[in-house]
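Subject: Structure handover and findings

Hi,

Here is the structure you were waiting for. Please open it alongside this email and follow along.

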Amino acid sequence: MAVTFNDLGSAAGLKKLDEYLLTRSYISGYQASKDDITVYTALSGAPSSSYLNVSRWYKHIDALLRISGVSEEGCGVTVEGFAPAEAVATPPTADSKAAAAEDDDDDDVDLFGEETEEEKKAAEERAAAVKASSKKKESGKSSVLLDIKPWDDETDMKKLEEAVRSVQMEGLLWGASKLVPVGYGIKKLQIMMTIVDDLVSVDTLIEEHLTVEPINEYVQSCDIVAFNKICKNYFGMLQ
């Protein structure tokens, strides 16, 4: 179902967008799509950190655009006063960069001369680069939902979430989060993350980062609630 946003240049417009993203990782669905690019383009720049959900979403989309681009169509979104996202270009993939490099190098090759050792080495390096980039492109991704429990009802949940999100590594992107009551005044943090399977081990993330110093000052335990491979027909976990 199409979504419409109004006046994203105003505090009122940003507040509504922030509320909308409170329980969502993306503008529509559970993968980044052209709907996200449409809203991203409508913003004049990075939003204030006071809009916690918009700021988190903006940084995530900005990183995706710089790393690999966005190809999903989305459900359709309208931002009054702005053009649709189809006009926004996404960065070329590693494969296209490698192919372009090959084309440039091929212009300098003497087709009628004998191949030198330097040319053989360069050709081997190009082939290895293309193979490596293809392997990286084929690497799967997963969407993971974690339950992170504090020590007691006196634990500062804002600092707990900040400590969790401070864990940064290649192939890890934190997503939407919310606090869920568990009883006796205690709340747990439920948070989504997207990982590149070949780069991030969830067990290692929990055992070596989320439950050790200094984060274990706030975190008592961390459990995997759901673990799903991401594909084009993926329908996520957190509503």
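Below is what was found, from the overall fold down to single residues.

**Overall picture**

Please keep in mind that this is a predicted model. The chain has 239 residues, and 38% of them count as buried. Its secondary structure comes to seven helices and six strands. From start to end, the order is β-α-α-α-β-α-α-β-α-β-β-α-β.

Long-range contacts are well represented. Take the contacts with a sequence separation of 6 or more: 71% of them involve residues 24 or more positions apart. The chain exposes about 14400 Å². Carbon and sulfur atoms supply 52% of that area.

**Aromatic pairs**

A search of the whole structure gave two aromatic pairs. The ring centres of F5 and Y20 are 5.2 Å apart, and the ring planes stand at 85 degrees. Planes over 60 degrees apart count as edge-to-face, so that is the label for F5 and Y20. F5 sits in strand β1 (residues 3-5) and Y20 in helix α1 (residues 11-20). The two are 15 residues apart, and the pair links distant parts of the chain. Both F5 and Y20 are buried.

The other pair is Y40 with Y58. Here the ring centres are 4.8 Å apart and the planes are at 25 degrees, so the pair is stacked. The cut-off for stacked is under 30 degrees. Y40 belongs to helix α2 (residues 34-42), while Y58 belongs to helix α3 (residues 52-67). The pair therefore ties together parts of the chain that are 18 residues apart in sequence. Y40 and Y58 are both buried.

Y20 has a charged partner too. The charged end of R24 sits over the Y20 ring, 4.0 Å from the ring centre.

**A buried valine in α3**

Helix α3 also holds V54. Is V54 buried or exposed? Its relative accessibility is 0%, so V54 counts as buried. Leaving aside residues up to four places away in sequence, V54 touches L14, L17, D18, L21, L43 and P47. K16 is 38 residues from V54 along the chain, and their C-alpha atoms are separated by 9.8 Å.

**The β4-β5 hairpin**

Strand β4 (residues 172-183) and strand β5 (residues 186-196) run antiparallel. Nine bridges join them. One residue pair to look up is L173, whose bridge partner in β5 is T194. The two strands form a hairpin with two residues between them. In that turn, Y184 has a positive phi of about 60 degrees.

**Salt bridges**

Side chains of opposite charge can pair when their charged atoms come close. How many salt bridges does the structure hold? There are three.

- D147 and K188: the side chains meet with an N to O distance of 2.7 Å. D147 is in strand β3 (residues 141-150) and K188 in strand β5, 41 residues apart. The pair links distant parts of the chain. The relative accessible area of D147 is 8%, so D147 is buried. K188 comes to 16%, so K188 counts as buried as well; the limit for buried is under 20%.
- R165 and E161: the closest N and O atoms are 2.9 Å apart. Both residues lie in helix α6 (residues 157-165). They are four residues apart, about one turn of the helix. E161 has 15% relative accessibility, so E161 counts as buried.
- K229 and D197: the side chains meet at 2.8 Å, N to O. K229 is in strand β6 (residues 219-229), and D197 is in the loop between β5 and α7 (202-210). They are 32 residues apart, and this pair also links distant parts of the chain. K229 has a relative accessible area of 54%, so K229 is exposed. D197 is at 22%, so D197 counts as partly exposed.

**Where to look**

For a quick tour, begin at Y20, with the F5 ring edge-to-face and the charged end of R24 over the Y20 ring. Go on to the stacked pair of Y40 and Y58. Then view the hairpin of β4 and β5. Finish at K188 in β5, in its salt bridge with D147.

Best wishes

Definitions and conventions. Residues are numbered from 1 along each chain as its sequence is written. This is a predicted model: local features need pLDDT of at least 70, side-chain atom pairs count only at pLDDT 80 or more; totals for chains, interfaces and linings use all residues. Side-chain values use heavy atoms; hydrogens and water are left out. Buried means under 20% relative accessible area, exposed over 50%, partly exposed in between (1.4 Å probe, protein chains only). Contact means heavy atoms within 4.5 Å. Accessible areas come from the Shrake-Rupley method with a 1.4 Å probe; for residues, only the protein chains shown count as cover. Rings of Phe, Tyr and Trp (its six-membered ring) pair if their centres lie within 6.5 Å; planes under 30 degrees apart count as stacked, over 60 as edge-to-face and the rest as tilted. A charge sits over a ring if NZ of Lys or CZ of Arg is within 6 Å of the ring centre and within 35 degrees of the ring normal. Two strands pair if DSSP finds at least two bridges between them. A salt bridge is a side-chain nitrogen of Lys or Arg within 4 Å of a carboxyl oxygen of Asp or Glu.
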